[in-house]
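Good morning, and thank you for making time for this presentation. I will take the sheets first, then the domains and the two ligands, and finally a few details of the backbone.

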Amino acid sequence: MSSPDERLRAKIPGADTGITTKNSVCDICAPGPHCGVTCYVREGRIIKLEGMEDHPVNRGLLCTKGLAGRQYVYRRDRIMTPLRRVGERGVGQFEPITWDEAFREIIPRLRTVKEEYGPSAVAFFSGYNKWYRPFLQRLCYSFGSVNYGTESSSCFTSTIMSWRLATGESFAAPDLRNAGVFLGWCYNAYYSAYLMQRGVEAARARGMKIIIVDTRITPAVEKQCDLFLRIRPGTDCALAHGIARELILTDRIDHAYIGEHVHGFQPYRDYVMAFTPERVEELTGVPAAQVRQAAAMIGANGPLAVNHSGAALVHSGNGMQTHRAVMALTALTGSYDRPGGMIPAPLTYAHSMAGFTTLDHEFPLEKYPHHQPRPVGAERFPLWDELTGEMQANDLARQIREGTPYPVRAVWAHGMNFRMFGADGELQKALKELDFFVDIDLFLTDTAKLADIVLPCCSSFERGEFKVFGGGYAQFTEPVIKPLGQSRPDDEIICELAKRLDLDDDLLRSGPEACVRYILRETSIDLDELKKDRQHPHRVPGFRPVPPGAHGFHTSTGKFELWSTVLEKYPRFDPLPTYRDSSDGADPEAFPFRLVAGARLPHVLHSRLHDVPWLRSLRPEPMAEISVEDAAALGVHEGDRIEIETAAGRLSIAALPTARVLPGTVHIYHGYREADANALLPPYHNDPYSGFPGYRNTRCRIRRAQEVME
Ligand SMILES: Nc1nc2c(c(=O)[nH]1)N[C@H]1C(S)=C(S)[C@@H](COP(=O)(O)OP(=O)(O)OC[C@H]3O[C@@H](n4cnc5c(=O)[nH]c(N)nc54)[C@H](O)[C@@H]3O)O[C@H]1N2
Ligand SMILES: Nc1nc2c(c(=O)[nH]1)N[C@H]1C(S)=C(S)[C@@H](COP(=O)(O)OP(=O)(O)OC[C@H]3O[C@@H](n4cnc5c(=O)[nH]c(N)nc54)[C@H](O)[C@@H]3O)O[C@H]1N2
Ligand SMILES: [Mo]
């Protein structure tokens with residue numbers, strides 16, 4: 001028998017050790033695959049955590065980031081009380097205040113901006129976090145402002161726009177269980193979505209073919225690939241058209257499906273005929289023979305499922321059109337809304353795809369303030385405006401600074417990180433120029449340091465919240481520990497603000513739970529029933545996914561639109577998914593390299609994990625990956641400093657020569673305080689269709705840092 005002391009050191013739960021276990025979720029990464037976590041708690045602190053065995057999402061697994069969750073929650077810079085700025089913006093001098101004092105300052109200042117400039121002069125923003133967004137959006141509209149916007153101005157929504165244009169649906173997911181061939185376009189789920197990789201591995205084991213299109217040699221390429229197309233960043237649209245041309249000319253397309261369900265095949269066909277394998281090779285670097293091979297492999301192995309890529313593919317100046325071009329292959333092969341192809345998936349609560357619908361769009365929209373100007377970004381990015389109706393946050397800095405078409409003078413932000421934006425120095429300057437800025441975060445970030453009032457929120461382990469999971473599951477979680485210091489959940493903060501502002505919104509003023517009940521009104525979920533066991537997700541009663549083939553097409557033609565009837569209304573846009581140079585347009589002679597900023601690393605997530613010690617230790621210093629060939633030409637070895645220069649700025653960073661990256665490209669991860677990749681992006685480098693910044697294809701030059709010193 002082990003002694004109590006040994007049992008305590010081994011962290012074994014029991015009355016003698018005082019250790020209990022409770023389940024929660026890790027919300028460090030994207031909302032869809034939030035993993036179940038079992039926390040070991042002693043004296044009110046989490047002392048250990050592990051993947052929850054019987055959770056339908058992760059079934060006991062947890063990634064590097066989640067396993068460091070304890071260090072994330074207890075990061076040294078957690079904010080413990082509301083703070084009022086006493087020094088210059090950005091310096092980080094604050095005094096602790098009470099929640100009551102904070103609201104007494106916030107209320108009159110928001111009201112003053114509203115009275116002087118109109119309600120839309122206050123913008124409401126959310127960073128990466130999704131879980132409280134329906135509340136925040138409704139708060140914004142109830143306040144009278146149209147300017148609700150989020151990090152989704154740079155992530156995923158471009159793909160949603162592309163699907164809306166093509167099919168009228170928001171999204172379609174690959175049916176890996178039945179697919180014959182998987183086109184992993186910008187696909188390395190070993191780093192960015194390990195649970196999806198399990199599905200791909202299982203499908204491969206039963207014979208599914210895998211084609212990967214990536215600019216780097218990744219673990220997915222090495223372990224799981226039948227054909228690898230190594231492409232120059234940002235040129236993917238041409239490759240998609242090249243494959244389409246081959247499919248058409250070798251008659252590997254589904255004529256019946258196209259005849260019945262596809263609009264614009266003829267002009268599309270005419271357009272892609274210019275993309276011969278030889279021209280594609282010239283544009284993309286992918287050998288002509290491989291273009292033919294890819295088409296043959298797709299033709300021989302349908303149905304075709306494709307990786308959706310909400311980031312890499314759409315993070316270039318022609319990103320949305322490129323996504324359309326890739327998804328067009330599913331229309332040609334008759335794989336959209338067919339078993340083994342791409343199955344439309346409704347967005348459920350707070351951006352998750354659980355297979356059923358909730359009213360989280362209706363919930364804010366019933367308070368939409370009509371008779372206001374259009375949201376920020378509508379003039380510059382009108383398609384974004386038409387398809388999303390939200391502020392395009394990538395135009396926020398410009399509008400704050402220029403005051404056109406109308407002033408924005410205050411920002412209420414949850415988890416804003418200015419370093420996620422392209423040309424982020426502009427946003428930093430803009431935030432300094434505001435009349436009033438509130439930021440709500442767990443940590444005193446560099447963005448929070450620009451705020452007048454900082455409010456402390458808590459992590460998923462410290463709150464109870466409604467959650468949905470893929471496959472028709474729902475849960476109302478329970479706090480595992482008390483909120484640290486005076487921190488509070490964001491949804492409560494939002495409802496409290498609505499109350500203190502005395503908004504005409506009974507629902508928000510009644511608190512988060514009343515809102516959730518409203519949002520679930522048309523589902524079979526009984527919240528009281530759900531709350532009887534808050535430790536586990538539960539299958540939604542009567543849940544049945546919509547079968548493939550039953551979704552229909554919700555475009556004006558009632559078909560999959562290769563020729564977009566939405567885009568044909570805009571003189572400046574092309575109805576077909578056209579190819580064009582997707583870089584920032586800098587002179588290729590002067591800037592011969594392409595900068596790919598932000599391809600995922602397994603152990604970091606944007607800005608939020610760089611200060612977590614275990615994770616930081618895996619790569620202590622930010623590094624730029626360059627090819628061994630380029631490193632040799634520059635005389636650079638691992639750890640030597642190089643300077644990367646674009647039309648917008650310069651960055652000095654340690655080099656990591658590797659055979660994984662293509663000569664002529666340089667890769668850096670984003671979100672680092674000390675090596676800010678997004679300072680290298682020019683402010684005009686955005687996709688005109690979506691507004692997304694061209695993070696993955698900015699022209700640059702590199703040299704050894706010493707040469708600069710000399
Ligand atoms: N560990 C970790 N996981 C994450 C995140 C994170 O920060 N860290 N972020 C989450 C978020 S918000 C998102 S949006 C997703 C993103 O998820 P992904 O899109 O899967 O992530 P990336 O690694 O950026 O891109 C995938 C691959 O595209 C390649 N690539 C880059 N540029 C190009 C290009 O121009 N053409 C082609 N064909 N390939 C290219 C990269 O080399 C990379 O291997 O990941 C999520 N998961
Ligand atoms: N160069 C480059 N830039 C990119 C990308 C890229 O690939 N390359 N990717 C883009 C993409 S796809 C994305 S998704 C964005 C992500 O960009 P960001 O939104 O900046 O993501 P994070 O840094 O993860 O989170 C923002 C803040 O939210 C705080 N936070 C965490 N949880 C909570 C919470 O529950 N409540 C509140 N109030 N705050 C919380 C965190 O502490 C952090 O300060 O970056 C974009 N920017
Ligand atoms: Mo993202």
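Let me begin with a definition: two strands are taken as paired if DSSP finds at least two bridges between them. What we are looking at is a predicted model, and that should be kept in mind throughout.

With that definition in hand, consider the open sheet of three strands, whose order is 1-2-3 and whose pairing is antiparallel. Strand 1 (19–26) and strand 3 are its edge strands; each has a single partner strand, so one side of each is left without a neighbour in the sheet. On average, neighbouring strands of this sheet are turned by 30 degrees against each other, direction ignored.

How many bridges join strand 1 to strand 2? There are eight, and the two strands run antiparallel. Within this pairing, Cys 26 has Cys 35 of strand 2 as its bridge partner. On the other side, strand 2 (residues 35–42) is joined to strand 3 (residues 45–51) by six bridges, again with the strands antiparallel. Here Arg 42 stands opposite Arg 45 of strand 3.

Strands 2 and 3 form a hairpin, with two residues between them. One residue in that turn deserves a remark: Glu 43 has a positive phi of about 50 degrees, although it is not a glycine. Glu 43 is placed in the loop between strand 2 and strand 3.

The second sheet is a barrel. Six strands close it in the order 22-26-23-25-24-27, and the pairing is mixed. Neighbouring strands of the barrel are turned on average by 45 degrees against each other, direction ignored. As an example of its parallel pairing, five bridges connect strand 23 (residues 623–627) with strand 25 (residues 650–658). In that region Ser 627 stands opposite Thr 658 of strand 25.

I turn now to the domains. The domain assignment of the protein chain gives domain 1 (19–73), domain 2 (83–155 + 349–532), domain 3 (172–344) and domain 4 (593–704). Between the C-alpha centres of domain 2 and domain 3 there are 37 Å.

That brings us to ligand 1. It is surrounded by 31 residues, of which the closest are Ser 192, Asp 214, Asp 236, Val 604 and Tyr 669. Why does ligand 1 lie between domain 3 and domain 4? Domain 3 (172–344) and domain 4 (593–704) both give residues to its shell, so the ligand lies between them. Looking at elements, helix 7 (189–192) and strand 10 (209–214) each supply at least two residues of the shell around ligand 1. By class, this shell divides into 17 nonpolar, eight polar and six charged residues.

Three polar contacts of ligand 1 may be pointed out. A polar backbone atom of Gly 234 is 2.8 Å from an oxygen atom of the ligand. For Arg 600, a backbone N or O atom lies 2.8 Å from an oxygen atom of ligand 1. The side chain of Arg 696 places an N or O atom 2.9 Å from an oxygen atom of ligand 1. Taken alone, ligand 1 exposes 910 Å², and the protein buries 94% of that.

How many residues surround ligand 2? The number is 33, with Asp 441, Asp 490, Arg 600, Ser 607 and Asn 678 the closest. The shell around ligand 2 draws at least three residues from each of domain 2 (83–155 + 349–532) and domain 4 (593–704). Its composition by class is 13 nonpolar, 13 polar and seven charged residues.

Again, I will name three contacts. In the side chain of Asp 441, an N or O atom is 2.7 Å from an oxygen atom of ligand 2. Tyr 128 contributes a backbone N or O atom, 2.9 Å from an oxygen atom of ligand 2. Trp 131 has a polar side-chain atom 3.1 Å from an oxygen atom of ligand 2. On its own, ligand 2 has 920 Å² of accessible area, and the protein covers 99% of it.

Finally, two peptide bonds. The bond from Gly 302 to Pro 303 is cis, with omega near -10 degrees. Pro 303 lies in the loop between helix 14 (288–300) and strand 13 (304–306). The bond from Thr 404 to Pro 405 is also cis, with omega near -5 degrees. Where does Pro 405 lie? It is found in the loop between helix 18 (396–402) and strand 15 (410–414).

Thank you; I would welcome your questions.

Definitions and conventions: Residues are numbered from 1 along each chain as its sequence is written. Chains are lettered from A and ligands numbered from 1 in the order in which they are written. This is a predicted model: local features need pLDDT of at least 70, side-chain atom pairs count only at pLDDT 80 or more; totals for chains, interfaces and linings use all residues. Side-chain values use heavy atoms; hydrogens and water are left out. A residue is near a molecule or strand if one of its heavy atoms lies within 4 Å of it. A polar contact is a pair of N or O atoms within 3.5 Å; within protein, one must be able to donate a hydrogen and the other to accept it, and residues adjacent in sequence count only if both atoms are side-chain atoms. Accessible areas come from the Shrake-Rupley method with a 1.4 Å probe; for residues, only the protein chains shown count as cover. Ala, Val, Leu, Ile, Met, Phe, Trp, Tyr, Cys and Pro count as nonpolar, Asp, Glu, Lys and Arg as charged, and the others, Gly among them, as polar. Domain bounds come from an automatic or database domain assignment. Helices (H or I, at least four residues) and strands (E, at least two) are DSSP runs, numbered from the N terminus. Axes are lines fitted to C-alpha atoms, for helices over the stretch in contact, and angles run from 0 to 180 degrees between N-to-C directions.
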